[in-house]
Amino acid sequence: MQVATSQPTPPANSRKVQVALLFDTSVSMDGLIDQAKSRIWNIVNEIGTLEAGGKVPVIQFALYRYGNDGLSASKNFIEQLLDLTSDLDLVAQKLFSLSTNGGNEYCGAVIGRSLDDLKWSTSAQDLKMIYIAGNEPFNQGPIDYKIVTKKACEMEIFVN
């Protein structure tokens, strides 16, 4: 595992890069989970090198797991593991501890939950992204992914 390096502490008025990582932990990910963790960690490392106008932005990650039958059905099988944080060691710890169990993968629900739960920046100067890592169609579950991705666009959040 390549380790993301910590960057110098940026000034409080710095631009932000905020990223929500949404990770499918259903049983259908059994053969893919290690590869997906590695790919997500590569994305974390790439984002960790970003600069804006020669300055280091505040970089924050949040982590959710979804699709795991060990989670509450009333919460659409979704759990927020990390709120937005700049602690990359904690992000790595939580990411690489994920395991699979069961399977109700509600992509629309987890995207919507991350939009509602997190304190997303309202500045047009900041970069906001959601990375969803899973292997099932987006049309499962009670929340239409088209509605929540439209909401993400309105909030200027890119969904990958």
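**View 1. Helices H1 and H2 run roughly antiparallel to each other.** In this predicted model, let's start with helix H1 (residues 33-47) and its partner, helix H2 (residues 88-96). Their axes come within 10 Å and cross at roughly 165°. Angles over 145 degrees count as roughly antiparallel, so that is the label this pair receives. As for handedness, H1 passes H2 in a right-handed crossing.

**View 2. A closer look at the residues where H1 touches H2.** On the H1 side, look for Lys37, Ser38, Ile40, Trp41 and Val44. Facing them from H2 are Leu88, Val91, Ala92, Leu95 and Phe96. Sorted by class, this contact has eight nonpolar residues, joined by one polar and one charged residue. If you would like to pick out the last two, Ser38 is the polar one and Lys37 the charged one.

**View 3. Helices H3 and H4 pack roughly parallel to each other.** Now move along the chain to helix H3 (residues 107-117) and helix H4 (residues 145-154). The axes of H3 and H4 lie 8 Å apart, and the angle between them is about 30°. Because angles under 35 degrees count as roughly parallel, H3 is described as roughly parallel to H4. The crossing of this pair is left-handed.

**View 4. The H3 and H4 contact, residue by residue.** H3 brings Gly108, Ile111, Gly112, Leu115 and Asp116 to the meeting. H4 answers with Tyr145, Val148, Thr149, Lys151 and Ala152. The class count here is five nonpolar, three polar and two charged residues. The charged residues are Asp116 of H3 and Lys151 of H4.

**View 5. Stepping back to the whole fold, with its four helices and five strands.** Reading from the N terminus, you will meet the elements in the order β-α-β-β-α-α-β-α-β. Along the principal axes, the C-alpha atoms fill a box of roughly 45 × 35 × 20 Å. A compact globule of 160 residues would have a radius of gyration near 15 Å, and the protein agrees with this because its own value is 15 Å.

**View 6. How confident the predictor is in each part.** Across the protein, pLDDT averages 90, and 92% of the residues score at least 70. Among the elements, the highest mean, 98, belongs to strand S5 (residues 157-159). At the other end is H1, the helix from the opening view, whose mean pLDDT of 92 is the lowest of the elements.

Definitions and conventions
Residues numbered from 1 in each chain as written. Predicted model: local features only at pLDDT ≥ 70, side-chain atom pairs only at ≥ 80, totals over all residues. Heavy atoms only, no water. pLDDT = per-residue confidence, 0-100. Axes fitted to C-alpha atoms, helices over the stretch in contact; angles between N-to-C directions. Parallel < 35°, antiparallel > 145°, perpendicular 65-115°, else oblique. Left-handed = near helix turned anticlockwise from the far one by under 90°. Contact = heavy atoms within 4.5 Å. Rg over C-alpha atoms; globule rule 2.2 N^0.38 Å.
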